[in-house]
Amino acid sequence: ADYRTEKGEQRQVVLTDNVSVAMNTQTSIAVRAASGGADRIELITGEGTMTARSRPLEVVAGLGRTSARNAKFNMRRDGDAVVVTCLDGEVLIDYPHASVPLGPQRQLSYSDQWLGSAVAVDPLTVTAWQAGYLIFHDTPLAEVVTEINRYRHGRIILASSELGRRPVNGRFYLDRI
């Protein structure tokens, strides 16, 4: 990785006049050689919000490639699972045997085994980490704990799988997690 963040760390990186990345906790990115006039990044792990200005930007994550120009989008990669959320402009996701365009407030998930369908999302919920908090809507407690563990040293462990299925609604501030 050319750039990385530690647990709980966030970082703004300006790669070129055309590309900037807001990196979330535990994120690793690599800058790749430009291809066909496009700046190129690999999202190795973690999450970032990419801003592409006048030149095209290509972000590789798993089996997919997300292309954008004059756009802002959030990408998250956990293992082989990738989630792309278009925040502004339009992005194109190229996946083996499929190309899917995404407009603002749309999200698409994929992994090495499957490609999901585009769905509508609230971009403020997706990017809440940039404002210093996390938002959960009917999220199983086990998923909430997994997400919170990304931001803090030590681990919260649920002793009951039944408790882990309970839905959580809430806003958690990262500086008081």
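This passage walks through the largest pocket of a predicted model and the strands and helices around it.

The pocket itself comes first. The largest pocket holds about 620 Å³ of space, and its lining is made up of 26 residues. Arg76, Thr125, Ile135, Phe136 and Glu147 are the ones that lie nearest the centre of this pocket. In terms of chemistry, the lining is a mix: eleven of the residues are nonpolar, seven are polar and eight are charged. Several elements chip in with at least two lining residues each, namely strand E8 (71-78), strand E9 (81-88), helix H1 (123-126), strand E14 (133-140) and helix H2 (141-149). Of the contributors, E14 gives the largest share, with six residues.

Now for Arg76, one of the residues nearest the pocket centre. Arg76 sits in strand E8. With a relative accessible area of 19%, Arg76 falls under the 20% cut-off, so it counts as buried. Its side chain makes a polar contact, at 2.6 Å, with the side chain of Glu147, another of the residues nearest the pocket centre. Setting aside residues up to four places away in sequence, Arg76 also touches Leu43, Gly46, Glu47, Ala81, Val82, Val83 and Arg150.

Glu147 brings helix H2 into the picture. The buried residues of H2 are Leu141, Val144, Val145, Glu147, Ile148 and Asn149. The cover over these buried residues includes E8 and E14, along with helix H3 (161-164) and strand E15 (167-173). E8 and E14 thus turn up twice, as they also supply residues to the pocket lining.

Strand E8 has a partner in E9. The two run antiparallel and are joined by seven bridges, with Lys72 bridged to Asp88 of E9. E8 and E9 form a hairpin with two residues between the strands, and there Gly79 takes a positive phi near 65 degrees. E9 pairs with strand E12 (residues 106-110) as well, again in the antiparallel sense, over five bridges. In that pairing, Cys86 has Arg106 of E12 as its bridge partner.

Ala81 belongs to strand E9. Its relative accessible area of 30% makes Ala81 partly exposed, because that class lies between the 20% and 50% cut-offs. Leaving out neighbours within four places in sequence, Ala81 is in contact with Arg76, Tyr110 and Ser111. Arg53 is another matter: 28 residues separate Ala81 and Arg53 along the chain, and their C-alpha atoms are 27 Å apart.

Two backbone oddities round things off. Most residues other than glycine have a negative phi. Asn70, which is not a glycine, nevertheless has a positive phi near 50 degrees. Asn70 is found in the loop between strand E7 (64-68) and E8. Asp138 likewise is not a glycine and has a positive phi, of about 50 degrees. Asp138, however, is found in strand E14, the strand with the largest share of the pocket lining. At 57% relative accessibility Asp138 is over the 50% cut-off, and therefore counts as exposed.

Definitions and conventions:
Residues numbered from 1 in each chain as written. Predicted model: local features only at pLDDT ≥ 70, side-chain atom pairs only at ≥ 80, totals over all residues. Heavy atoms only, no water. 1 Å grid on protein atoms, 1.4 Å probe; cavity = no way out; pocket = protein on both sides within 12 Å on 5 of 7 lines; lining within 4 Å. Points joined across faces, edges and corners; volume = space filled by probe spheres on them. Helix = DSSP H or I, 4+ residues; strand = E, 2+ residues; numbered from the N terminus. Nonpolar A, V, L, I, M, F, W, Y, C, P; charged D, E, K, R; others polar. Buried < 20%, exposed > 50% of the residue type's maximum accessible area, 1.4 Å probe, protein only. Contact = heavy atoms within 4.5 Å. Polar contact = N/O pair within 3.5 Å; in protein donor to acceptor, adjacent residues only side chain to side chain. Pairing = 2+ DSSP bridges.
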